[in-house]
Each structure stands twice: as structure tokens, then as C-alpha cells.
Amino acid sequence: MSEVKKRITITVDPHLAGYAEQLVQAGKAESVSAAFNEAMAIKRQRDQHALAKLRERAAHADPERVGRMRRHVDAQAREAGFEVAAGE
């Protein structure tokens, strides 16, 4: 990675810190930071993939069905005391 790394301080669960240290000792990660970088990169990739799938499904959605669902959700929100903005 050619970008300059940003130093941050995080607090992690002891078992995760231990696992990251085991990865380093086993030669599967260059450092604990590298292990956490890889984990976050994988999470980001999964999130982006899930969002892309959601957008693909939304592109093929039936507008009438979506409208009925939104009206139903809006009605439930109003019944629960939530304010629903027009056009949302």
C-alpha cells in the first residue's frame, strides 16, 4: 500500500488481540496492525458487495409494490408516534 498510514488507538477484546498476535507469531500477518487492517478490508468489501446486491435488487423493484410497502411502514411509524416527512 503506497498511502501513508494513519496511526489510531483502538481497544479490542482480549481474545481478538490474542488471535491477532497468534497470526503474527505463525507468520500469517506481518503485524497486529496488519491483521486488523486485513479484517477491516474484508468487512468493507463484504459491506460494499451487500450494498451492490441491494442496489441491484432495488433497480428491479416493482414501484407499485414499493409504494404500498412505504405507505404501510409510514402508517406503522405514525401509529407508534413517529413523525413521517412527506415524500419519504
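# A three-helix chain and its helix α3

Glu 79 lies in helix α3. The model you are looking at is predicted, so local features need pLDDT of at least 70, side-chain atom pairs count only at pLDDT 80 or more, and totals for chains, interfaces and linings use all residues. Residues are numbered from 1 along each chain as its sequence is written, and side-chain values use heavy atoms, with hydrogens and water left out.

**The chain as a whole**

- The chain has three helices and zero strands; helices are DSSP runs of H or I with at least four residues, strands are runs of E with at least two, and both are numbered from the N terminus.
- Reading from the N terminus, you meet the elements in the order α-α-α.
- The radius of gyration is 22 Å, well over the 12 Å that the globule rule gives for 88 residues, so the chain is more spread out than a compact globule. (This radius is taken over C-alpha atoms, and the globule rule is 2.2 Å times the number of residues to the power 0.38.)
- Along the principal axes, the C-alpha atoms fill a box of roughly 55 × 30 × 25 Å.

**Surface and confidence**

- Of the 88 residues in the chain, 9% are buried; buried means under 20% relative accessible area, exposed means over 50%, and partly exposed is in between, with a 1.4 Å probe and protein chains only.
- The accessible surface of the chain is about 8500 Å², and carbon and sulfur atoms hold 53% of it. (The areas come from the Shrake-Rupley method with a 1.4 Å probe; for residues, only the protein chains shown count as cover.)
- The mean pLDDT of the chain is 93, with 95% of its residues at 70 or more; pLDDT is the predictor's confidence in each residue, from 0 to 100.
- Confidence is highest in α1, at 98, and lowest in α3, at a mean of 93.

**Around helix α1**

- Asp 13 sits in the segment before α1, and its relative accessibility of 43% makes it partly exposed.
- Helix α1 covers residues 14-25, and its 12 residues reach 16 Å from first C-alpha to last, close to the 16 Å expected at 1.5 Å a residue. (The expected span is 1.5 Å times one less than the number of residues.)
- After α1 comes Gly 27, with a positive phi near 80°.

**Helix α2**

- Ala 39 belongs to helix α2, which covers residues 32-59.
- With a relative accessible area of 41%, Ala 39 is partly exposed.
- Ala 39 and Asp 62 are 23 residues apart along the chain, and 37 Å separates their C-alpha atoms.

**Helix α3, side by side**

- The 17 residues of α3 (residues 63-79) should span 24 Å at 1.5 Å a residue, and the end C-alpha atoms are indeed 24 Å apart.
- Gly 67, Asp 74 and Ala 77 are the buried residues of α3. They cover an arc of only 90° around the axis, which puts them on the same side of α3; the arc is that of the directions from the helix axis to the C-beta atoms.
- Glu 64, Arg 65 and Glu 79 are exposed on the other side of α3, and Glu 79 has 70% relative accessibility.
- At the N-terminal end, Asp 62 caps α3, with a side-chain oxygen 3.1 Å from the backbone nitrogen of Glu 64.
- Just after α3, Gly 81 has a positive phi of about 95°.

**Far-apart pairs**

- From C-alpha to C-alpha, Glu 79 and Val 12 are 41 Å apart in space, with their positions 67 residues apart in sequence.
- Asp 13 and His 72 are 59 residues apart in sequence, and their C-alpha atoms are 41 Å apart in space.

Note on methods:
A polar contact is a pair of N or O atoms within 3.5 Å; within protein, one must be able to donate a hydrogen and the other to accept it, and residues adjacent in sequence count only if both atoms are side-chain atoms.
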